[in-house]
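Here are my notes from a pass through the model, written up as numbered points. Have it open in a viewer while you read, since the points hop around the chain.

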Amino acid sequence: MKKMLTLGLTAVMALSLMAGCGTKDGASSGSDNGGSAKTADAGGSGDTGGKKKFAIIFKNTGNPYGEKMMEGFKKAIEEKGDEAILKAPDQPTAEAQIQMIEELISQKIDSISVVGNDPDALQPALTKAMNAGIKVSSLDSAVNSESRLTHVNQADPERIGRTLIQGVSEMIGGEGEIAILSATSQATNQNTWIEWMKKELEDAKYANIKLVKVAYGDDLRDKSVSETEALLKSYPNLKAIIAPTTVGIAAAGKVLTDKGLKDKVKLTGLGLPSEMAEYIESGICPWMYLWNPIDVGYLAGYTAESLVKGDITGAVGEKFTAGTLGEKEIVADGDGTQIMLGDPFKFDASNIAEWKDVY
Ligand code: RAM
């Protein structure tokens with residue numbers, strides 16, 4: 001039955017506008033690291049039975065997207081018989097991540113996979129880690145190419161940015177004020193997507209759309225709520241909010257719902273189906289996009305394993321098998337390299353019910 005459901009969903013996905021979203025397999029793994037995204041097992045001492053130690057550092061705690069990503073990472077590492085160390089600071093700052101990297105270096109672990117809170121600020125700490133023999137890669141939010149061996153990218157940033165503007169334009173009939181509610185002002189992933197949104201907006205067909213503000217909710221629920229409220233207050237004619245962050249879009253969905261603004265302000269962006277189903281069903285958010293966060297973590301886990309084993313070094317053209325995701329190839333990314341998961345997937349009223357229990 002489960003297999004049939006999986007096959008059915010795969011067929012639905014293949015037919016969808018932006019097919020190629022993550023596997024249902026990754027999503028159905030019953031990992032139990034839910035709850036706190038804090039250090040799960042960072043002792044660093046004691047007998048681990050020859051297991052190698054693989055750390056992942058997310059942006060900050062309290063983000064269900066990060067918990068799903070760490071769940072996928074842990075699954076990959078445990079499939080290989082090794083030990084996963086799951087870490088995230090309370091606040092989404094580079095300083096807090098640097099402190100964690102320093103601790104991990106002194107624990108002589110084998111690998112660090114980091115979701116960077118800043119593209120450049122982690123470089124001294126990550127360079128020190130690499131000089132100590134630790135294999136460093138980034139995922140989701142990249143660190144600069146000097147600070148890593150390679151990067152695991154969830155989807156093509158240009159496609160994400162341009163698609164969000166095309167979508168919002170359709171929602172508001174090509175006319176009116178829009179705002180972006182982002183994560184932190186230093187987040188590499190959001191900033192790259194926003195750059196592409198701005199490039200798309202340069203097209204003459206958007207001449208009647210005005211981007212009035214980029215606000216930062218820092219991937220903190222309360223701050224995202226207050227930033228949404230401030231946007232509504234400062235721009236009473238606002239027609240739409242684009243939130244390219246799962247925390248931001250859910251917070252904006254709640255504010256717009258509570259204020260009864262369904263017919264006045266539209267919402268789109270990148271959201272978790274589990275958190276956004278009610279807003280998609282109510283029409284506040286006609287549609288949004290995402291990839292499978294469990295698969296992003298799972299791919300990062302296999303990337304780290306392959307780096308530690310020496311199967312790959314992070315160079316363009318190298319290939320490796322990423323468990324159930326199959327063969328992956330390292331490609332160029334500016335002056336660095338990356339591994340792409342796939343395309344983002346569009347969630348709307350027609351498919352949200354199938355996905356809301358998955359992630
Ligand atoms: C938030 C985080 C994460 C991003 C998603 C879309 O959960 O900022 O890094 O990839 O949104």
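1. Let's start with a pair of helices. Helix 9 passes helix 10 in a left-handed crossing. The residues that make the contact are T246, I249, A250, G253, K254 and T257 on the helix 9 side, with E275, M276 and Y279 on the helix 10 side. Sorted by class, this contact of helix 9 with helix 10 comes out as four nonpolar, three polar and two charged residues. One caveat for everything here: this is a predicted model.

2. The geometry of that pair is easy to describe. The axes of helix 9 and helix 10 are 10 Å apart and the packing angle is about 30°. Anything under 35 degrees counts as roughly parallel, so helix 9 and helix 10 get that label.

3. Staying with helix 10 (residues 273-282), which of its residues are buried? They are P273, M276, A277, Y279 and I280. M276 and Y279 also turn up in the contact with helix 9. The cover over the buried residues of helix 10 includes helix 9 (246-258), strand 9 (266-269), strand 10 (287-290), strand 15 (345-348) and helix 12 (352-355). Just after helix 10 comes G283, with a positive phi of about 95°.

4. Two of those covering strands deserve another look. K346 lies in strand 15, and its C-alpha is 6.8 Å from that of W287, although K346 and W287 are 59 residues apart in sequence. Is K346 buried or exposed? The cut-off for buried is under 20% relative accessible area, and K346 has 17%, so this lysine counts as buried.

5. Now for the other helix pair, helix 6 (residues 157-171) and helix 7 (residues 188-201). Their axes come within 7 Å and cross at roughly 50°, and helix 6 and helix 7 are therefore oblique to each other. The crossing of helix 6 and helix 7 is right-handed. Helix 6 brings P157, E158, I160, G161, R162, L164, I165 and Q166 to the contact, and helix 7 brings T192, W193, W196, M197, K199, E200 and L201. The class split for helix 6 against helix 7 is eight nonpolar, three polar and four charged residues.

6. Two serines are worth clicking on. S138 sits in strand 4 (residues 135-139) and counts as buried because its relative accessibility is 1%. What does the side chain of S138 make a polar contact with? The partner is the side chain of H151, at 2.8 Å. Leaving out neighbours within four places in sequence, S138 is in contact with V114, V143, R148, T150, H151 and V152. G116 is 22 residues from S138 in sequence, and their C-alpha atoms are 7.0 Å apart.

7. The second serine is S224, which belongs to helix 8 (residues 221-234). S224 counts as buried because its relative accessibility is 0%. Its side chain reaches the backbone oxygen of G217 at 3.3 Å. Not counting residues up to four places away in sequence, S224 touches L181, G217, D219, V247, G248 and A251.

8. D219, one of the residues that S224 touches, has a backbone angle to check. Its phi is positive, about 55°, although D219 is not a glycine. Most residues other than glycine have a negative phi. D219 is found in the loop between strand 7 (209-216) and helix 8, and it is buried, with a relative accessible area of 6%.

9. K108 is another one for the phi list: the value is near 55°, positive in a residue other than glycine. Where is K108 found? It is in the loop between helix 4 (94-106) and strand 3 (111-114). K108 is exposed, with a relative accessible area of 70%, whereas D219 is buried.

10. Last, some whole-chain numbers to set these details against. The protein chain has 12 helices and 15 strands. Of its 359 residues, 56% count as buried. Taking the contacts in the protein chain with a separation of 6 or more, 70% are between residues 24 or more positions apart.

Conventions
Residues are numbered from 1 along each chain as its sequence is written. This is a predicted model: local features need pLDDT of at least 70, side-chain atom pairs count only at pLDDT 80 or more; totals for chains, interfaces and linings use all residues. Side-chain values use heavy atoms; hydrogens and water are left out. Axes are lines fitted to C-alpha atoms, for helices over the stretch in contact, and angles run from 0 to 180 degrees between N-to-C directions. Helices (H or I, at least four residues) and strands (E, at least two) are DSSP runs, numbered from the N terminus. Angles under 35 degrees count as roughly parallel, over 145 as roughly antiparallel, 65 to 115 as roughly perpendicular and the rest as oblique. A crossing is left-handed if the near helix is turned anticlockwise from the far one by less than a right angle, and right-handed if clockwise. Contact means heavy atoms within 4.5 Å. Ala, Val, Leu, Ile, Met, Phe, Trp, Tyr, Cys and Pro count as nonpolar, Asp, Glu, Lys and Arg as charged, and the others, Gly among them, as polar. Buried means under 20% relative accessible area, exposed over 50%, partly exposed in between (1.4 Å probe, protein chains only). A polar contact is a pair of N or O atoms within 3.5 Å; within protein, one must be able to donate a hydrogen and the other to accept it, and residues adjacent in sequence count only if both atoms are side-chain atoms.
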